[in-house]
Amino acid sequence: MGIGSLFIVNNKTESLCALKHWGPTVAHAAVCDKVFASHRNSVKNNLYSDVIATEGKQYIFHITRAEITYVATTETETEPLMVVEFLTQLHTVLKAYFGEVTEAVLQEHHVTLYQLLDEMLDSGIPVNTHPGGLKVLVPPPNLLNRVSSTMFGHQGVLVSDQDPLKLLPLPWRSNNIKYASNEIYLDVIESIDATLDTEGRVLSSAIHGTVEVNSRLSGMPDVSLSLTNSHLIEEYSFHPSVRLGRFAADRVVSFVPADGNFTLMSYKVRAPADKGAPNQWQPKYVKQNPWAASQTTQGANAASVPLPLYIRPQATFGTHQGRVSIVCGTKPAFEKPVESVSLEVRLPARVVSADPSATHGMATYDDIGNHVKWVIDKFPSDKTPCLTVQLQLESNVPKKGSAEAAATAASGGKTMVSLQELVDIHAQFSVAGVGVSGIKVETLQVKNEKYKPSQGVRYHTRGGRIVVRT
């Protein structure tokens with residue numbers, strides 16, 4: 001029960017960077033070919049998956065980060081999320097060690113890479129995946145290690161044979177950490193997932209958030225974090241340092257922070273399911289968010305996530321030609337500017353070619369993915385941007401002698417009614433300095449140390465997955 005084989009490959013050149021087996025040897029060429037073939041089909045069909053079921057009992061899991069793709073295979077019964085989470089954590093560990101994860105960097109530090117894999121996995125089962133504990137067992141590459149490795153070979157790379165739990169009171173934090181200037185900064189990053197209809201009404205919505213921490217604190221501090229409107233959190237996951245009992249009792253996030261950058265918590269906030277219930281996004285005893293105050297629509301839309309922009313599409317399709325027009329703009333009630341707007345217009349399958357033109361921003365057509373990408377860095381103040389796409393289509397009239405024509409003749413000449421052709425629009429955006437869920441950092445206290453550190457909190461809102469159904 002665990003990972004049988006692990007492959008690290010360059011997805012641009014499709015070359016192998018590293019491999020390791022914990023079970024029966026698997027040919028890397030056959031596995032990687034299936035992964036890249038699945039990736040090409042996913043791009044073509046706009047359907048993405050991190051799991052491939054192959055012939056027999058083998059399953060392939062893969063994730064892609066920049067130019068590196070991590071591939072794991074299993075032959076026995078294994079928790080799928082465990083494998084995907086390990087691959088994600090492996091990339092995090094490699095970034096903590098090497099900074100940038102590329103094929104050249106992995107080849108340069110291949111000894112450290114394989115030592116990390118030996119410490120992270122035991123017979124294919126993840127046992128130690130936190131960078132803090134791993135850095136005690138496998139020191140990060142530095143000038144001294146490189147000189148020792150050059151002079152004495154691979155024996156110059158030091159590896160401790162002791163249990164990290166005995167070396168460290170906490171696996172995620174080293175002893176004797178000292179800083180001349182103590183500081184801790186938080187970034188509350190929220191992304192909006194929503195599905196809209198053609199008139200801009202929100203059909204379903206949710207907010208996903210993460211709290212990123214940049215900690216530069218000496219000694220062994222104890223941090224307590226109180227959140228405003230924490231009762232709105234529906235689902236959450238925490239860093240191993242967080243005391244779960246304290247949060248369950250009084251909703252206070254209490255922890256001894258890891259050193260450096262780490263993700264403290266992830267959470268999800270969903271709008272009330274009961275349309276007749278009052279809007280729970282902003283309780284009465286909390287000052288109302290200006291974003292929520294901008295919502296004047298009543299009914300099903302009143303309790304939905306407040307969006308900072310509107311998207312209004314129109315699409316017409318004929319036998320050989322079609323046209324798609326989209327108007328996108330910001331809502332005037334929002335004070336913060338909306339930036340880095342990107343709309344991906346996914347076209348029907350029978351589109352042969354597309355000619356996009358935009359009154360503002362840059363619009364390009366991807367014939368492989370069959371979609372138009374419209375990028376707007378900043379909205380102009382004097383006009384509303386508009387995108388127009390002229391389409392050339394394959395004829396949907398059955399040809400003579402074809403199976404469709406035979407079916408039409410068999411039905412007495414009646415033409416079958418086809419489903420409405422759809423254009424999906426996926427939008428992303430960024431708004432700095434604003435959070436939409438109403439969850440705020442109320443207090444941040446550092447205890448168990450005499451110093452008073454510098455503190456700061458920043459809020460960001462991004463469009464996670466905004467889908468407009470036409």
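**Notebook: a helix pair and a small sheet**

I looked up how helix 2 crosses helix 4 and got a right-handed crossing. Note to self: this is a predicted model.

Next I pulled the geometry of the pair. Helix 2 covers residues 80-98 and helix 4 covers residues 110-120. They pack at an angle of about 135°, and their axes are 12 Å apart. I filed helix 2 as oblique to helix 4, because over 145 would be needed for roughly antiparallel.

Then I asked which residues make the contact. From helix 2 I wrote down Phe86, Leu90, Val93, Leu94, Tyr97 and Phe98. From helix 4 I have Thr112, Leu113, Leu116, Leu117 and Met120. I sorted the residues of this contact by type: ten are nonpolar, one is polar and none is charged.

New page, on to the sheet. I found an open sheet of three strands, in the order 12-10-22, with antiparallel pairing. Which strands stand at the edges? Strand 12 (252-255) and strand 22 (440-447) do; each has a single partner strand, so one side of each is left without a neighbour in the sheet. I also checked the twist: neighbouring strands here are turned by 15° against each other on average, direction ignored.

Last, I went through the pairing of strand 10 with strand 22. Strand 10 spans residues 222-228 and runs antiparallel to strand 22, with seven bridges joining the two. For one register point I looked up Asp222, and the residue standing opposite, in strand 22, is Lys447.

Technical notes
Residues numbered from 1 in each chain as written. Predicted model: local features only at pLDDT ≥ 70, side-chain atom pairs only at ≥ 80, totals over all residues. Heavy atoms only, no water. Axes fitted to C-alpha atoms, helices over the stretch in contact; angles between N-to-C directions. Helix = DSSP H or I, 4+ residues; strand = E, 2+ residues; numbered from the N terminus. Parallel < 35°, antiparallel > 145°, perpendicular 65-115°, else oblique. Left-handed = near helix turned anticlockwise from the far one by under 90°. Contact = heavy atoms within 4.5 Å. Nonpolar A, V, L, I, M, F, W, Y, C, P; charged D, E, K, R; others polar. Pairing = 2+ DSSP bridges.
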